[in-house]
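Student: I have a new model open on my screen and would like to talk it through. Could we go over it together?

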Amino acid sequence: MRNKMRFIVSLILISTLLTACGTAALAQNDQVQEAPPRTLTVNGRGNAYLDPDIAYIYIGVYTEDKDAAEAVAKNTTQSKKVANALKSFDIDPKDIQTTNFSIYPTQQYDPNGQVIGILYVVDNTVFVTLRDIDKIGKVLNAVIEAGANSINNIQFDASDRSKALSEARKQAVSDARTQASELAQAAGVSLGPIQTISSYGSYPTPMFEGKGGGAAVMAAEVPISPGQLQVTVDVNIVYE
C-alpha cells in the first residue's frame, strides 16, 4: 500500500515539474516573440511642378475724411465702380467675397505731438478668385482705374493637383527606398518588409504683395508672372 502511495506521489511531482517546465518554456517563447524587431527609419522627399490656372487677389478701397459719413460715401462710390469693373470680366459673383468692411477714427498730430484733429478711415476689401489668369494684368488695371487703391497678397493655385501629387509621392517613396538600401548595405544588414509608412505634403505658391494706384501704374498693363507651382511630398518609412 505504501509503495502504491509513493508511486502516486511521484507521478504528481513529475506532473507538476513538467507543467512548471512547460510554463517556463512558453513564457520564454513569449518573451522572444514579444521582443521588438530591429528597424531602420528613413525620410524621403519628392517634388513636382505644375502651371497655375487660378489667382486669388485681395482688392480694396481705402478712404478717409474728417466726417465719418463723407468717408463712407466716398468709399461706397469707389467700391461700386470697382465692383462694376470686376463684373465686366464676367467673374462669377460667388468668386467675389467681402472679407473686410471697417470704419475707425485715427488721430492727427502736429510736429509737436499735439492732437489737431481726427480722420475717419473706411476700408472695404473683397477676395477675388480669378479663374482665367491670362486676364490678371487687365483686371488689375481696370480695378485700379475704377478706384481700388489697396491690392494685396496675390496667390496662385492649380485646379487639378492630382498628377503632380502622384508624381511627388512616387519620388518621395523612391528617395526613401534608395536611402534605406544604402544605409542597410553600409551597416551590413538586409532590409525586411515595411512596418509603417506615413506621408504629408506642402503646397508653397509664388506670392506678390504691393499697392496699386495712380497714373504711373496705369501707364501699362500691370506685369504679373505666375511662374510655376511646386508640390512637395515627404514620407516616413520604417523598414524591418
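Student: How far does helix α2 reach from its first C-alpha to its last?

Tutor: Happy to help, and keep in mind that this is a predicted model. Helix α2 covers residues 68-87, which makes 20 residues. At 1.5 Å a residue the expected reach is 28 Å, and the reach from first C-alpha to last is close to that, at 28 Å.

Student: Which residues of α2 are buried?

Tutor: Buried means under 20% relative accessible area. The buried residues cover an arc of only 110° around the axis, so they sit on the same side of α2. On the other side, A69, K80 and K87 are exposed. The buried ones are A71, N75, S79, V82, A85 and L86.

Student: What do the buried residues of α2 pack against?

Tutor: Their partners include one helix, α3 (136-146). The others are the strands β2 (54-65), β3 (96-109) and β4 (115-130). Put together, the answer is α3, β2, β3 and β4.

Student: Which residue caps the N-terminal end of α2?

Tutor: Look at the backbone nitrogen of A69. A side-chain oxygen lies 3.1 Å from that nitrogen, and this oxygen belongs to D67.

Student: Is T125 buried or exposed?

Tutor: T125 has its place in strand β4. Its relative accessibility is 11%, and the cut-off for buried is under 20%. T125 therefore counts as buried.

Student: Which residue's side chain makes a polar contact with the side chain of T125?

Tutor: Leaving out residues up to four places away in sequence, T125 touches Y58, I59, G60, Q97, T98, T99 and N100. The polar contact is 3.4 Å, and the partner is D123.

Technical notes:
Residues numbered from 1 in each chain as written. Predicted model: local features only at pLDDT ≥ 70, side-chain atom pairs only at ≥ 80, totals over all residues. Heavy atoms only, no water. Helix = DSSP H or I, 4+ residues; strand = E, 2+ residues; numbered from the N terminus. Expected span 1.5 Å × (residues − 1). Buried < 20%, exposed > 50% of the residue type's maximum accessible area, 1.4 Å probe, protein only. Arc of directions from axis to C-beta. Contact = heavy atoms within 4.5 Å. Polar contact = N/O pair within 3.5 Å; in protein donor to acceptor, adjacent residues only side chain to side chain.
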